[in-house]
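Please walk me through this structure. Start with the contacts between charged side chains, then move on to the interior and the surface.

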Amino acid sequence: MAPKISIITPTFNSSSVILDNMRSVRRQAYANWEQIIVDGASTDDTLAKINTFLSEGTKVISEPDNGIYDAMNKGIALAAGDIVGFLNSDDFYAHDQVLATIARIMADTSIDACYADLDYVDKCDTQKIKRVWRSQPYHDGLFEKGWMPAHPTFYVRRDILYRSGGFDLAFPRQADFELCMRLMAKNRIKARYCKDVWVKMRTGGTSNNSVAGILKGNLEAYRACRKNRLQVNVMFIPVKILSRIPQFVAAFLQRQAS
């Protein structure tokens with residue numbers, strides 16, 4: 001039987017982007033999915049737009065929360081799928097075969113998780129690529145260099161996610177980094193990389209919306225490494241920041257070539 005995939009989407013005042021997100025889910029060629037939208041009590045017309053586009057596979061809750069990772073943890077608790085992933089309200093799938101590809105990869109029961117590549121796009125013109133996130137197969141030592149899989153492309157078996165305890169709210173900017181690190185580097189789950197762009201992400205997220213935000217996020221990532229007993233030193237932060245430069249260069253070259 002085809003595995004059920006749970007897609008958790010946190011929202012807050014997302015009226016300008018949420019329908020792009022939901023349409024990209026609805027367009028998937030794979031049918032056995034559910035989307036769990038966890039709204040943080042939006043004050044705009046986000047819920048009204050969601051309600052105009054509801055389908056049988058969509059669940060919605062709306063209540064105050066303690067930030068995006070708290071909302072994601074609520075979604076995990078509600079998930080009924082065999083496999084769980086996260087698609088933020090301002091993100092959308094790059095093509096209609098994403099969920100089908102995830103299902104094919106996870107049909108191998110020895111695989112615990114999978115992930116792929118991501119494009120950062122202009123928040124107004126989503127055809128314009130601002131930065132590319134190209135990943136690689138995991139090996140020991142990558143997290144110590146500031147690497148992580150692109151979290152919006154990361155799909156993991158629900159039972160593993162439950163046992164992990166979900167996102168650690170002590171890391172309000174980097175709980176995704178900490179969770180992926182805990183699962184892959186500490187708990188040693190088996191994850192497979194797929195060389196394909198699965199998600200388009202609008203620029204302007206919490207951890208990369210300012211210089212101060214970038215510094216705070218990288219300090220959190222350093223603390224997360226220390227908490228999970230990875231061997232890092234003070235060079236971790238500048239190395240992690242500088243690792244973004246090739247992503248911007250690759251996006252520029254891609255735009256020049258197109």
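R23 is partly exposed, with a relative accessible area of 33%. The model is a predicted one. In it, R23 pairs with D20 in a salt bridge, and their closest N and O atoms are 3.6 Å apart. D20 is partly exposed as well, at a relative accessible area of 31%. Both residues belong to helix α1. They are three residues apart there, so about one helical turn separates them. The background is simple helix geometry. An α-helix has 3.6 residues a turn, so residues three or four places apart point the same way.

How many salt bridges does the structure hold? The count is 12. A second one joins the side chains of K59 and E34, with an N to O distance of 3.1 Å. K59 sits in strand β3 and E34 in strand β2, so this pair ties together parts that are 25 residues apart in sequence. Are the two partners buried or exposed? E34 counts as buried, because its relative accessibility is 3% and the cut-off for buried is under 20%. K59 is partly exposed, with a relative accessible area of 35%.

A third salt bridge links R192 and D108, whose closest N and O atoms are 3.5 Å apart. R192 lies in strand β9, residues 191-202. D108 lies in the loop between α4 (98-106) and β6 (113-121). The pair therefore ties together parts that are 84 residues apart in sequence. R192 counts as partly exposed at 35% relative accessibility. D108 also counts as partly exposed, at 29%. Salt bridges can also share partners: K4, E34 and K59 are joined into one network in this way.

Now turn to the interior. Where is there enclosed empty space? Rolling a probe the size of a water molecule over the atoms shows where empty space is left. The structure holds one cavity of 30 Å³ or more. The largest cavity has a volume of about 30 Å³. Which residues line the largest cavity? They are M22, V25, R26, W33, Q35, F53, S55 and T58. Helix α1 (18-26) and strand β2 (33-39) each supply at least two residues of this lining. The largest share comes from α1, with three residues. Helix α1 thus appears twice in this account, because it also holds the D20 and R23 pair. Strand β2 returns too, since E34 lies there. Sorted by class, the lining has four nonpolar, three polar and one charged residues.

Helix α6 comes next. It spans residues 175-186, and it is mostly covered, with 11 of its 12 residues buried. The buried residues in α6 include the charged D176, E178 and R182. Also among them are A175, F177, L179, C180, M181, L183, M184 and A185. Just after α6, the backbone at R188 takes a positive phi of about 65 degrees.

The surface gives another view. Which residues make a nonpolar patch of about 290 Å²? V234, M235 and V239 make it. V239 has its place in helix α8, residues 236-242. V239 is partly exposed, because its relative accessible area is 39%, between the limits of 20% and 50%.

E56 is another surface position. It lies in the loop between α2 (46-52) and β3 (58-62). E56 counts as exposed because its relative accessibility is 84%, and exposed means over 50%. E56 also helps to give a sense of distance. From E56 to G213, the C-alpha atoms are 38 Å apart in space, and the two residues are 157 apart in sequence.

Another pair spans the model in a similar exercise. L219 lies in helix α7, residues 211-227. L219 counts as partly exposed, with a relative accessibility of 46%. Its C-alpha atom is separated by 37 Å from that of R104, and the two residues are 115 apart along the chain.

How values were computed:
Residues are numbered from 1 along each chain as its sequence is written. This is a predicted model: local features need pLDDT of at least 70, side-chain atom pairs count only at pLDDT 80 or more; totals for chains, interfaces and linings use all residues. Side-chain values use heavy atoms; hydrogens and water are left out. Patches are made of residues with over 30% relative accessible area and no salt bridge: like charges are joined within 9 Å, nonpolar side chains (Val, Leu, Ile, Met, Phe, Trp, Tyr) within 5 Å. Accessible areas come from the Shrake-Rupley method with a 1.4 Å probe; for residues, only the protein chains shown count as cover. A salt bridge is a side-chain nitrogen of Lys or Arg within 4 Å of a carboxyl oxygen of Asp or Glu. Helices (H or I, at least four residues) and strands (E, at least two) are DSSP runs, numbered from the N terminus. Buried means under 20% relative accessible area, exposed over 50%, partly exposed in between (1.4 Å probe, protein chains only). On a 1 Å grid over the protein atoms alone, a cavity is a set of points where a 1.4 Å probe fits but cannot get out, and a pocket is an open set with protein on both sides within 12 Å along at least five of seven lines; lining residues have an atom within 4 Å of a point. Grid points are joined across faces, edges and corners, and a volume is the space filled by probe spheres set on the points.
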